[in-house]
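Please study the structure below, beginning with one helix and then turning to the ligand.

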Amino acid sequence: MTDLPEYRPETLAVRAGQQRSQFGEHSEALYLTSSFVFKSAAQAARRFSGEEEGNVYARFSNPTVTMFEERLAALEGAEDCVATASGMSAIMAAVLAHLKQGDHIVASNSLFGATVQLFNNILSRTGITTTFVSHTDPAAWAAAIRPETKLFFLETPSNPLTEIADIRKLAEIAHAKNILVAVDNCFCTPILQRPLDMGADLVIHSATKFLDGQGRVLGGAVCGPKVLTEEVFKYLRTAGPTLSAFNAWVLLKGLETLKLRVEAQSANAAQLAAWLEAHPKVARVFYPGLPSHPQHELAKTQQKSGGAIVAFEVKGAREQAWQVVDNCRLLSITANLGDTKTTITHPASTTHGRISPEARAAAGINEGLLRIAVGLEAVEDLQSDLERGLALI
Ligand SMILES: *Cc1c(COP(=O)(O)O)cnc(C)c1O
């Protein structure tokens with residue numbers, strides 16, 4: 001499905017997957033149609049039976065969605081990609097496509113909050129159970145395996161502390177027991193990290209974040225070999241959380257600037273992280289690109305750079321952290337990430353607010369912690385914005 005595989009990422013980002021119609025449009029067309037017509041009754045029958053490839057109904061496929069899928073597959077180095085309505089529906093689809101009642105998941109203990117809720121409160125009702133283990137300790141993953149374990153699920157770097165899970169080692173442990181490995185690659189995108197190259201079986205995306213990159217639409221995707229994505233497709237065409245054509249078109253154009261954005265945002269983040277680390281009011285900085293990061297060496301073997309997410313602890317607690325947030329005039333106070341506009345979040349009172357204080361402390365998320373998803377503004381302007389609050393501490 002990936003055309004132009006011999007090209008480099010920047011070329012694939014603007015060229016892969018494009019299909020021109022009879023009109024010869026230069027830019028990718030937006031096909032706002034829920035169904036497709038057939039030349040004859042016989043062709044309709046062939047399309048429905050799958051004997052002939054082609055579009056039938058937009059819950060199954062749409063040419064704009066297909067272009068997005070092929071472009072993302074090319075960037076991830078995947079044989080195939082199936083787009084979904086959101087990141088969460090991509091996770092749901094990947095799990096339900098491959099697991100059934102009685103099966104078991106081993107998952108990282110520092111996953112996106114809604115993913116934890118999905119595993120604990122929704123999938124558990126279908127009889128699929130999950131054991132959460134240390135993100136950074138492969139031995140804990142091995143020890144949690146049961147005869148019914150079918151899936152390892154992780155995202156790396158973690159949110160918000162940017163801890164690194166060792167994809168190659170976890171894939172080795174999983175594959176020895178015929179267990180699939182799914183990696184949520186939302187933070188790095190294929191520009192910085194390609195999990196399939198390191199042994200992962202499935203890559204999952206919330207396209208809502210960096211792939212769009214401009215905070216406009218929700219979307220998701222599951223990438224991998226066709227034997228695995230085919231099952232995801234079967235789930236989607238029946239259950240229905242497919243990506244809309246309009247959102248696919250926005251995301252397709254988002255991918256064209258992905259490399260430029262992710263590299264520039266990551267360079268800004270590296271500069272901001274170094275500045276924060278030297279700041280007298282900052283106790284600690286969490287950023288995989290800094291030599292002080294405990295897994296800096298491992299990060300270098302998996303990611304091309306540190307990424308665009310920086311977390312840091314101010315010297316103080318909630319009051320001091322909130323002071324920094326409330327004195328920002330430029331940074332957006334929102335939990336979203338991956339946008340060209342820099343965002344700032346206080347995890348302990350927002351994204352991780354529903355976790356008990358004890359569990360939060362165990363996860364290393366204290367009241368002085370702030371997370372910044374760095375955008376494309378001038379780093380000096382971001383520094384001045386943060387300095388206003390930091391100076392008050
Ligand atoms: C946002 C996010 C999701 C969920 O994606 P939606 O598009 O909001 O459904 C999943 N994983 C990670 C790491 C995320 O940041």
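**One helix and the ligand site**

In this predicted model, the buried residues of helix α9 are L228, T229, V232, Y235 and L236. Viewed down the axis of α9, these buried residues fall within an arc of 110°, so they line one face of the helix. A general rule helps to explain such a pattern: an α-helix has 3.6 residues a turn, so residues three or four places apart point the same way. The face of α9 turned away from the buried side carries the exposed residues V227 and T238.

Against which elements do the buried residues of α9 pack? Their partners are the strands β1 (80–84), β5 (180–184), β6 (202–206) and β7 (220–224), together with helix α4 (87–98).

The helix itself comprises residues 226–239, 14 residues in all. From its first C-alpha to its last, α9 reaches 19 Å, which is close to the 20 Å expected at 1.5 Å a residue. Just after α9, G240 takes a positive phi of about 100°.

We now turn to the ligand. The residues around it are S86, G87, M88, F112, E155, D184, C186, S206, T208, K209 and G219. Among them, M88 has a polar backbone atom 2.9 Å from an oxygen atom of the ligand. In the side chain of D184, an N or O atom is 2.6 Å from a nitrogen atom of the ligand. In the side chain of K209, an N or O atom is 2.7 Å from an oxygen atom of the ligand. On its own, the ligand has 380 Å² of accessible area, and the protein covers 91% of this.

Note on methods. Residues are numbered from 1 along each chain as its sequence is written. This is a predicted model: local features need pLDDT of at least 70, side-chain atom pairs count only at pLDDT 80 or more; totals for chains, interfaces and linings use all residues. Side-chain values use heavy atoms; hydrogens and water are left out. Helices (H or I, at least four residues) and strands (E, at least two) are DSSP runs, numbered from the N terminus. The expected span of a helix is 1.5 Å times one less than its number of residues. Buried means under 20% relative accessible area, exposed over 50%, partly exposed in between (1.4 Å probe, protein chains only). The arc is that of the directions from the helix axis to the C-beta atoms. Contact means heavy atoms within 4.5 Å. A residue is near a molecule or strand if one of its heavy atoms lies within 4 Å of it. A polar contact is a pair of N or O atoms within 3.5 Å; within protein, one must be able to donate a hydrogen and the other to accept it, and residues adjacent in sequence count only if both atoms are side-chain atoms. Accessible areas come from the Shrake-Rupley method with a 1.4 Å probe; for residues, only the protein chains shown count as cover.
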